[in-house]
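Good morning, colleagues. I should like to take a few minutes to go through several local features of this protein. Please have the sequence and the structure in view.

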Amino acid sequence: MIRTHVLGFPRIGANRELKFALERHWRGEIDEAALQAVAAELRTRHWRLQVGAGLDHVTVGDFALYDQVADLIQLFGCEPARFGFTGEESPLRRYFAMARGVAVHAHGPGCGCGAAADGGKADGTREGAPALEMTKWFDTNYHYLVPEFDSATAFSLHADRLLAEVDEAIALPASPKAALLGPVSFLFLGKSKEEGFDRLALLDRLLPVYEQLLVKLAARGVTWVQLDEPVLGLDLPPAWQDALRRAYARLGQVDQQVLLASYFSPLAGNLALACELPVAGLHVDAVRAADELLDVARTLPLGRELSVGIVDGRNVWRADLDAALATLREVRELRGGRLWLAASCSLLHVPMSLRDDPVVEADVRPWLAGAVEKLEELRVLKRALWGDEAAVADALVEARQARAARAASPRVRRLDIARRVAALPADADRRASAFPRRQAAQRERLRLPAFPTTTIGSFPQTPAIRAARAAFKRGELDAETYRAAMRDEIEQAVRRQEVLGLDVLVHGEAERNDMVEYFGEQLDGFAFTANGWVQSYGSRCVKPPVLFGDVARPAPMTVEWTRFAQGLTDRPMKGMLTGPITILQWSFVRDDQPRADTALQIALAIRDEVADLEAAGIAIIQIDEPAIREGLPLRQAERADYLAWATRAFRVAASSVGDATQIHTHMCYSEFNDILPEIAAMDADVITIETSRSDMELLRGFGGEGGGFHYPNEIGPGVYDIHSPRVPGSDEMLRLLRKAATVIPARQLWVNPDCGLKTRAWPETEAALRHMVAAAQVLRAELGRGSPRATGAAESGAIAG
């Protein structure tokens with residue numbers, strides 16, 4: 001018996017229908033009912049694609065309006081008490097309050113803010129409530145909302161939405177398989193908001209709610225429930241391994257078939273544990289963990305179903321169907337002929353379809369597969385395993401030809417690039433001087449005040465900017481008219497920053513469509529799509545380029561824009577670049593050579609750009625690496641090698657400049673404390689990081705608390721969350737800065753937002769930055785120094801308060 005299914009499916013729609021509906025709802029243009037109607041239409045459309053591909057089950061519960069973990073917070077009734085929900089608000093209003101925060105506003109009866117009536121200010125306004133913390137979903141570029149737990153956390157089942165979706169699928173008609181995060185991973189991925197509280201203590205409160213849900217799903221006609229436990233791919237402490245045993249021993253008593261799913265990483269030391277848990281089936285990632293597939297097939301009891309994630313759910317390359325069939329036939333033999341086939345993980349991480357994308361070059365397009373094409377690959381594999389290979393013979397031949405054409409393409413390998421990499425000097429990744437000497441030279445050149453203020457790089461992409469870019473792409477604007485429009489936008493951004501009083505300016509990136517795609521478009525070795533969108537969080541979608549070949553920079557990419565912006569002001573202007581690991585990680589990267597080799601090629605291209613910016617007189621160059629932590633292997637044993645080549649790639653990109661040129665980097669929405677020595681080894685003069693949603697908790701490791709690692713260079717901890725429309729006051733930012741200054745020496749601190757401001761509007765951007773500059777000015781007054789920025793022992797003290 002061969003069955004096919006998927007763990008999850010993209011939810012944004014082929015034309016980003018969900019994104020646009022969400023943003024219209026947030027602007028007040030459509031109501032909840034209209035938004036839910038768009039969601040229902042998308043679910044139905046996507047289930048029909050799954051049915052049409054011959055899947056035995058459609059997946060229900062994978063569709064979220066913002067994030068699937070946030071869905072579970074509501075499903076299990078554990079919305080944080082700090083939001084002050086009264087129960088009178090609609091579930092959707094509460095949901096978006098958790099995701100986006102509650103803005104400061106006039107509070108009154110019926111305002112619907114979700115905040116309690118008490119605790120407001122004398123003028124009737126409230127401080128609002130910050131959104132839930134956001135962080136990366138394992139080693140992907142998807143962001144999930146972090147559940148908050150404490151000793152008072154209680155759980156209760158609120159399953160109406162999920163059960164309604166089950167009814168929708170049954171009415172299609174289709175056989176639904178419900179999919180949701182398992183109880184141990186749900187607790188593991190949350191955060192304790194009470195000092196000393198172990199969130200594992202909540203397991204016995206949570207399990208009865210899972211039991212109730214399994215019973216309700218069975219009564220609704222659901223025969224299989226997929227419980228994702230991706231923590232099985234981590235080096236789990238014994239207590240969490242025991243939690244898995246306890247959880248599934250209890251859930252195994254419910255009369256419901258559970259498919260336990262692991263992905264993104266080998267099971268390794270958890271292999272025996274995963275195979276012994278009393279569930280009806282086990283899904284494993286046969287792409288990321290191909291070497292252990294046969295061991296799983298031999299270890300899992302024969303009475304249980306084995307789901308093999310044989311099609312890559314994380315990348316866009318067409319599957320090698322011949323190799324997959326050879327593997328599957330061997331596994332089927334070991335399993336007595338019974339097998340489930342699937343993608344390795346949820347298809348959330350790939351575009352809907354690439355088959356007919358009008359922008360992908362004709363020679364590259366046959367190499368690629370989006371979610372719809374991956375459904376077809378599963379159909380072909382199923383038919384071939386059934387013994388009906390003749391029915392899919394044409395598809396198998398087409399797959400072979402595509403792979404052969406890719407391997408033989410002269411665009412994939414370039415001898416000149418190979419020679420440059422081979423000739424790279426051993427010290428190409430080292431600055432000429434150590435940081436203290438560089439710091440003195442930079443302070444002499446820049447003459448900045450204490451607590452210098454800056455932003456991360458991008459400013460709002462206004463409708464005018466987007467319209468001009470779209471018109472240029474359609475050929476309705478010539479190149480010079482487009483450049484003039486972008487220069488006007490850059491000048492406006494510079495003037496706004498001067499009025500706000502920022503110390504180090506940026507040009508605002510008006511000309512850039514995306515921080516990776518913009519560079520990929522100007523580098524050899526990349527291909528692009530028109531509709532290759534994937535969800536990053538909420539309504540935020542990205543269109544990763546396809547990195548298919550050797551990388552080189554034919555010409556300067558940013559110098560013209562940055563030189564123009566610097567010519568508008570006497571204040572320092574940052575040159576803004578995306579780092580090699582982020583370009584690597586946020587592209588659909590080639591799988592025919594080691595990632596380390598590709599990273600070094602990108603680093604050399606960025607190195608050329610850095611050199612040209614310095615030659616143009618740019619004193620500060622920021623090389624963003626928000627994805628460096630994201631790329632960290634999930635298994636400890638694999639991390640040292642990755643960190644060695646990843647940090648070297650950054651240094652190769654950055655290290656050609658002189659002492660007086662200041663190198664910045666930016667990282668966001670990740671836990672960094674376990675790799676601080678490696679981050680320090682990148683040797684950036686200034687690092688800016690996201691810290692506001694964690695209330696500066698992420699900063700503690702950088703200050704060497706508890707005898708830990710002390711970060712030696714300068715740091716800009718983010719003082720407000722740019723992913724929320726909420727504008728915090730200067731007093732809130734001041735509190736965070738004072739907290740930061742108890743951890744990091746004041747002379748090392750910069751003041752900046754968490755991340756770029758591309759997705760925000762100008763009114764809220766200017767208001768927030770005005771508050772940020774005011775907070776920095778208060779600190780300067782308390783420190784007793786203004787401009788220029790002092791050096792020496794006298795400024796090393798921390799701020800009290």
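Let me begin with L749, in what is a predicted model. Is L749 buried or exposed? Its relative accessible area is 0%, and since the cut-off for a buried residue is under 20%, L749 counts as buried. The residue belongs to the loop that links α24, residues 730–741, with α25, residues 762–783. Taking C-alpha to C-alpha distances, L749 and T765 lie 22 Å apart in space, with a separation of 16 residues in sequence.

A second buried residue is Q601, whose relative accessible area is 7%. Q601 sits in helix α21, which covers residues 595–615. What does the side chain of Q601 reach? The answer is the backbone nitrogen of V551, at 3.0 Å. When neighbours within four places in sequence are set aside, the contacts of Q601 include V551 together with G549 and D550. I417, V421, R590 and Q593 are also among the residues that Q601 touches.

I turn now to strand β9, residues 257–261. Why may we call β9 largely enclosed by the rest of the structure? The reason is that 4 of its 5 residues are buried. On one pairing, β9 runs parallel to strand β8, residues 224–228, and 5 bridges join the two. Within that pairing, Q226 has L259 of β9 as its bridge partner. The connection from β8 to β9 passes through helix α8, residues 238–251, and the resulting β-α-β crossover is right-handed.

Strand β9 also pairs with β10, residues 281–285; these strands are parallel as well, and 3 bridges join them. Here L260 stands opposite L282 of β10. Together with helix α9, residues 271–276, strands β9 and β10 form a β-α-β unit, and this unit is right-handed.

Finally, I come to helix α7, residues 203–219. How far does α7 reach from its first C-alpha to its last? The helix has 17 residues and spans 24 Å, close to the 24 Å expected at 1.5 Å a residue. Several leucines of α7 are buried, among them L203, L206, L207, L213, L214 and L217. The buried positions of α7 also include V209, Y210 and E211. After α7 comes G221, which has a positive phi, near 100°.

To close, I would return to β9: this strand is joined by bridges to β8 and to β10, and it is largely enclosed by the rest of the structure. Thank you for your attention.

Note on methods. Residues are numbered from 1 along each chain as its sequence is written. This is a predicted model: local features need pLDDT of at least 70, side-chain atom pairs count only at pLDDT 80 or more; totals for chains, interfaces and linings use all residues. Side-chain values use heavy atoms; hydrogens and water are left out. Buried means under 20% relative accessible area, exposed over 50%, partly exposed in between (1.4 Å probe, protein chains only). Two strands pair if DSSP finds at least two bridges between them. A crossover is right-handed if, with the strands pointing away from the viewer, the path from the first strand over the helix to the second runs clockwise. The expected span of a helix is 1.5 Å times one less than its number of residues. A polar contact is a pair of N or O atoms within 3.5 Å; within protein, one must be able to donate a hydrogen and the other to accept it, and residues adjacent in sequence count only if both atoms are side-chain atoms. Contact means heavy atoms within 4.5 Å.
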